[in-house]
Amino acid sequence: MIQAFGLTSNPRQELPPAVDDVSFEAPTGRVTALLGARASGKTTAVRLMLELQQGRGITHFRGRPLHRIPHPSREVGVLLGEVQGHPSRTVRGQLRMLCAAAGVPVQRADEVLEVVGIVSLREQRLGTLSRGMDRRLGLACALLADPHTLVLDGPAGGLSAREGKWLHGILRAHASLGGTVLFTTDDAKEAARTADRVVTLEAGRVIADQGVADFSRTRLRPRVAVRSPHAARLGVLLAREARATQRSVEVVNEDGNRLSVYGSNCADVGETAFRHSILVHQLADEVGDAGPAVSVPARARTEEVREVEPAAPQMAVVDASSVADEPPPAMEPSEEEAAAPMAPAQAHAPSAQEPPHSTGTFVVLRADADLGGVSSAASSSAPAPPRDERAAQAPRTPSIPAPARPLSPLPPPITIHPAPSPLRPLRYEVRRATGIATGYLTAAAVLVASAIVAVLLARTGHTPQAHLLAAWPQGLPLPPAALGAGLLGAFAFGDEFRHPALAADRGTVPRRLGLLCAKLVVAAAVAVSLAFLVVASDAVLLHLVYGEELTEVPADWLSTSASWLALVVGCAWAGVLAAGVFRSTTAGLAAVLAVPVLVVPLVQKALEGPSVRTAAGLPSRLRDLALVHWPFGAERVLAAGLRMIAQPVGSALMLSLTALLCAYLLTVLRPRAR
């Protein structure tokens, strides 16, 4: 069950708030429609409910606000706009990646694909999906964690009639299984066909909260409200004249002395009552305020109005058998309409754009609710309609200013909470990195470039063997392998911000330390693999072209290998951290290039000068201080590590990584401090 209390958006400069004190309920096992024209505040209300926008109010999902639910995706399935995902990722890969983020088994991806009917498209790329298939995939993403509640903003927008019926059937099925469904729409006919309850918004306020039967009867079409002590006789006369003139008129007897006449106007009804000397207490044109506005003739008038006390509501149904023996064939639904999922009370829902079912036939329906709508011509002495506990359903009259409502205490403020972190961050990162061809293409380009550079360096000569195997000429700031590792690391966060699959509604990704560690681990593994592949491929190619002379194992292979791996992994980590801090792949690659171009000269300048003391002989001094000797020649490994740190590139890379890590931690701790 969804309970929204006092949803109010922040004021927009001199304009009123887009949503002002919106409160409603969406019961369990029912489909609720949030209806309103464009700019009526539907999307803002949904974003306030989901704590995606700052404002005031509170929304309970089965008694708890969203930020108090441990795993929100398992409680509320959300569909806002199009599916956010890399265009090159497959449908199945997208769902499996989200399975890791939601902490559900990957088999759930195939299950929801069968539910939404796109199993045959599981290997298709996201960038090639049509609008209807994208809607189906978005619904699959919302159903992935089997949530109790579905909140969808305009799910049927841009869909065909057939796809819309299918979507509404899915929503009806989810509600029938005990779930809660809330969707927004600007089509009154769609709300009447699909929902069990309709909450109507206008200018950011709730103007009606009705069941679908009351909504379809009272707020969907223009009508003439008539109050007369001879209502039954007047209804028969109106039907007789409509049949004689071949006009489509529908008359509903609300109670003993009230009529609702659809398909006519005040002038015609008043003239009929005057010719037959029937006393009229109220005669007014009313326009439904849900859906497209319908023009009403301006010649409406009141014949005679007297002040009477409203009678107690009672059921009074006029027998239509004397007027028409059987309903016309036009009232039978077509095969497509019969197959569409529909609530029981929706079969005879009137439409704002379709004429009444019968032509020249007097149709009387049973009604038990108050009239709704906006009165455009009414008597000044007409009594006000009775008020019950659902005062929000009362009609609003533009010509009579509504009394000022008493100011209620301000609801609690709504704080935007960060997007949740994946429950399986390492599994999620592996599926994210391997789900698209970008990483494979980058690795292939690095291998080809390294092979070409190695062959050219061997041809020219005068290149150390270590630089030759790494394909690192003296003129380049970094070898191709280090640049490729940095680019792949930058993709780790750059793709997240460009295609925010984790938090498509917030436009950002979580900055949790668990997700950062997962990205660093995967980036390091990819960098180490790329470094080994580059050295191995260059050695094989040099052996084939120039023989064994250039592929001999150097004596200091251990320290050289450690330096090589440290350089590649450091570049990958610099790309990850910089892209996470600056929210851009380009910024991540720029940070990698800035290490040899900007930071290394600064480190070299700082290390120059006679006042700087050297750390020569540090391993031996540490060995002298130790109580036991270094086992397995560990002093050589320590000396190699210290030599790497003492080099300008190593010290510059460590300095850059430290600065980026501190900046990332500040971005993590700053929202918590707020």
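Here are some notes on the fold of this chain, which is a predicted model.

1. Starting with the overall picture: the chain has 674 residues, and 45% of them count as buried. There are 21 helices and 15 strands. Take the contacts between residues at least 6 apart in sequence, and 76% of these join residues at least 24 apart. The accessible surface comes to about 33900 Å², with 59% of that belonging to carbon and sulfur atoms.

2. Now the sheet I'd look at. This one is open, has 6 strands in the order 5-6-7-3-8-9, and its pairing is mixed. Strand 5 (76–80) and strand 9 (205–211) sit at the edges with a single partner strand each, so one side of each has no neighbour in the sheet. From one strand to the next, the twist averages 15°.

3. At the strand 9 end, the partner is strand 8 (residues 197–202); the two run antiparallel and are joined by 6 bridges. What is the bridge partner of glutamate 202 in strand 9? That would be arginine 205.

4. Two helices are worth following against this sheet. Helix 5 (residues 131–143) lies across strand 5 and strand 6 (149–153), and runs at about 155° to strand 5. Helix 6 (residues 161–176) also packs on the sheet, where it touches strand 3 (31–35), strand 6 and strand 7 (180–185). The direction of helix 6 makes about 150° with that of strand 7.

5. Is helix 5 mostly covered or mostly open? Mostly covered: 11 of its 13 residues are buried. Among them are Gly132, Met133, Leu137, Leu139 and Leu143, but also the charged-type names Asp134, Arg135 and Arg136. The buried residues of helix 5 pack against strand 5, strand 6, helix 3 (91–102), helix 4 (107–116) and helix 6.

6. A quick geometry check on helix 5. At 1.5 Å a residue, its 13 residues should span 18 Å, and the end C-alpha atoms are 18 Å apart, so the two agree.

7. One side-chain detail to finish. Threonine 194 belongs to helix 7 (residues 188–194). Its relative accessible area is 4%, and the cut-off for buried is under 20%, so threonine 194 counts as buried. The side chain of threonine 194 makes a polar contact of 3.0 Å with the side chain of histidine 168.

Terms used: Residues are numbered from 1 along each chain as its sequence is written. This is a predicted model: local features need pLDDT of at least 70, side-chain atom pairs count only at pLDDT 80 or more; totals for chains, interfaces and linings use all residues. Side-chain values use heavy atoms; hydrogens and water are left out. Two strands pair if DSSP finds at least two bridges between them. Helices (H or I, at least four residues) and strands (E, at least two) are DSSP runs, numbered from the N terminus. Axes are lines fitted to C-alpha atoms, for helices over the stretch in contact, and angles run from 0 to 180 degrees between N-to-C directions. Contact means heavy atoms within 4.5 Å. Buried means under 20% relative accessible area, exposed over 50%, partly exposed in between (1.4 Å probe, protein chains only). Accessible areas come from the Shrake-Rupley method with a 1.4 Å probe; for residues, only the protein chains shown count as cover. A polar contact is a pair of N or O atoms within 3.5 Å; within protein, one must be able to donate a hydrogen and the other to accept it, and residues adjacent in sequence count only if both atoms are side-chain atoms. The expected span of a helix is 1.5 Å times one less than its number of residues.
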